[in-house]
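Trainee: Could we go through this structure together? I would like to understand how its helices and strands are arranged.

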Amino acid sequence: MSYQVNRKGYYGEFGGAFIPEMMHPNIEELQEKYMEVINSYNFRQDFIALLKHYVGRPSPLYYARRMSEKYQSHIFLKREDLNHTGSHKINNTIGQILLAKALGKTRIIAETGAGQHGVATATVCALMDMKCIVYMGALDVQRQAPNVKKMRMLGAEVIAAESGNKTLKDATNEAMRDWINNPEDTHYIIGSVVGPHPYPDMVARFQSVISEEIKWQLDEQLGRELPTRVIACVGGGSNAAGAFYHFLDSEAVELIGVEAAGKGIETKETAATLTLGKPGVLHSSRSFVMQTNDGQIIEPYSISAGLDYPGIGPMHANLHATKRAKYLWATDDEVLEAALELTQLEGIIPALESAHALAALKKLSLKPEDVNVISLSGRGDKDMETYLNHFGY
Ligand SMILES: *Cc1c(COP(=O)(O)O)cnc(C)c1O
C-alpha cells in the first residue's frame with residue numbers, strides 16, 4: 001500500500017481539489033509544474049543552502065536524558081524550535097517562496113490564524129523581495145497583536161477580514177478571492193498540509209527534511225536509522241507529515257499524531273478532528289472535518305492557537321483510516337503540565353502546540369528499549385503569557 005498522494009491528488013479517498021471554477025487556472029498551473037520545479041537542480045541547491053545558512057538546519061536531534069530517566073524509555077527531541085522564526089513553519093515558506101520565484105511570481109498572499117504562518121511568510125518575502133499580503137480575521141488581528149506588528153515590521157500588509165466570525169475561515173475566503181483576481185503574478189502560500197492538491201503533497205515534501213534528518217541523526221547516535229515510534233502534534237498536520245514522511249513505508253515504526261482536545265473531547269470546546277470529525281470537504285479538499293449532523297463546521301477550540309483548526313490534512317485522514325498512524329488527543333491541562341515538565345527537566349520551554357506531543361508520553365506504554373522521537377515543533381516564547389497566567393510566576 002502507498003501512503004503517498006496519487007496522480008489525481010488523493011490519499012485513498014481523501015484529498016483532491018474541490019475548488020471554484022474561477023480558481024482552476026491557478027491550481028492547474030501548480031499541479032502541472034510543482035514537481036518539475038522542486039526536483040530541479042537549481043531549486044534543490046537554493047532550498048538546501050537556505051535551510052542550512054538561513055534557517056539553521058540541520059536542527060539537532062537531542063537525547064533528553066532526564067526525560068528518558070523519568071519515563072524509563074529513550075526520548076529524543078527533534079529541535080524544530082531552534083529554527084529561525086521559532087518553528088517548523090519556515091521549512092515550508094522557504095520552499096514555497098522559491099517555487100513562486102521559479103514560476104515568475106512577484107506577489108505573495110497568505111492567510112493566518114494565530115499569526116505564526118503569517119510571520120514565516122512575511123519573513124521569506126522580505127528575504128526574497130516579494131510583495132506580501134497577509135489576510136487575517138479581524139478578531140485574530142486583535143488577539144495576535146505581537147505577530148501583526150512583526151509582519152508589518154517585516155514589510156507585509158496585513159488585511160483584516162471583517163466577514164463571518166472574523167477568524168481563520170474568513171481570512172481564507174478573502175485570500176482565495178484575491179488569488180482568483182490575480183492569477184498571473186500571485187502565489188498563495190498555504191501554511192500546512194491542507195488545501196487543494198498539490199498543496200498537501202507539496203508542503204509534506206518541504207517538511208520531509210525533518211524525517212530525512214532524523215534518520216541519519218539516529219544512525220549517527222545509535223547506529224540505527226529507525227526509531228520505535230515518532231510522536232508529533234497535529235493541527236493541519238505539517239510538522240507531523242514531515243516527521244512521519246520517510247518512515248511511512250517502514251511499517252515497524254509506530255507513528256503517533258496528537259490532536260488538541262481543548263477542554264475535553266466530551267465538551268464543545270475542542271479541536272480533536274480525527275477523534276470527533278466525519279468525512280467532509282473543508283478548505284478545498286476531502287478529509288475529516290468537525291461538523292454538525294447537517295454539515296455546519298463546528299468552531300474549534302484549543303489553548304494553542306496553532307492547533308485551533310476544524311480540519312486536518314488529507315494525508316492524516318488516510319493514515320487514520322488505514323490505521324498506519326494512530327491519533328491520540330491531549331487536553332489543555334495535560335498540555336500545560338507537559339510543558340512545565342519539559343521546561344524543568346530539560347531547560348527547554350516548548351510551544352503549546354508541541355507540548356501536545358509531549359503529553360502523549362503519559363498515554364503510551366513505553367518500554368525501556370524503545371526509541372521515541374518527539375517533534376518539538378516550536379518554541380514557547382509566543383506562549384509566555386498563557387504560561388504565566390496558568391502558573392502564576
Ligand atoms: C502552526 C504550528 C503547529 C501546527 O501546525 P501543523 O501544520 O499541524 O504542524 C504546530 N506547532 C507549532 C509550533 C506551530 O507554530
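**Helices, rings and a sheet**

Mentor: Let us begin with two helices, keeping in mind that this is a predicted model: the axes of α14 and helix α16, which covers residues 384–391, come within 11 Å and cross at roughly 100°.

Trainee: What does that make α14 and α16 relative to each other, roughly perpendicular or roughly parallel?

Mentor: They are roughly perpendicular, because angles from 65 to 115 degrees are put in that class, and the crossing of α14 with α16 is at roughly 100°.

Trainee: Which residues meet there?

Mentor: From α14 there are L336, A339 and L340, and these meet Y387, H390 and F391 in α16. Sorted by kind, the residues of this contact divide into five nonpolar, one polar and no charged.

Trainee: How far apart are Y387 and F391 along helix α16?

Mentor: Y387 and F391 are four residues apart in the helix, which means that about one helical turn separates them.

Trainee: And how many aromatic pairs are there?

Mentor: Counting rings whose centres lie within 6.5 Å, there are nine aromatic pairs. In the case of Y387 and F391, the ring centres are 6.1 Å apart and the planes are at 15°, so this pair is stacked.

Trainee: New topic, the sheet. What is the order of its six strands?

Mentor: The sheet is open, its pairing is mixed, and the order reads β3-β4-β14-β9-β10-β13. At the edges stand β3 (61–63) and β13 (325–331), and since each has a single partner strand, one side of each is left without a neighbour in the sheet. On average, neighbouring strands are turned by 25° against each other, direction ignored.

Trainee: In which sense do β9 and β14 pair, parallel or antiparallel?

Mentor: Strand β9 (residues 229–233) pairs with strand β14 (residues 371–376) in the parallel sense, over three bridges, and I231 stands opposite I374 in β14.

Trainee: Which helix lies across β3 and β13?

Mentor: That is α14 again, residues 332–346, which lies across β3, β4, β10, β13 and β14 and runs at about 90° to β13.

Trainee: Back to helix pairs, then: how do α4 and α9 cross?

Mentor: The axes of helix α4 (residues 89–102) and helix α9 (residues 199–207) come within 8 Å and cross at roughly 115°, and the crossing is right-handed. Among the residues that meet there are K89 and L99 in α4 and Y199 and F206 in α9. The residues of this contact divide into five nonpolar, five polar and one charged.

How values were computed:
Residues numbered from 1 in each chain as written. Predicted model: local features only at pLDDT ≥ 70, side-chain atom pairs only at ≥ 80, totals over all residues. Heavy atoms only, no water. Pairing = 2+ DSSP bridges. Helix = DSSP H or I, 4+ residues; strand = E, 2+ residues; numbered from the N terminus. Axes fitted to C-alpha atoms, helices over the stretch in contact; angles between N-to-C directions. Contact = heavy atoms within 4.5 Å. Left-handed = near helix turned anticlockwise from the far one by under 90°. Nonpolar A, V, L, I, M, F, W, Y, C, P; charged D, E, K, R; others polar. Phe/Tyr/Trp six-rings, centres within 6.5 Å; stacked < 30°, edge-to-face > 60°.
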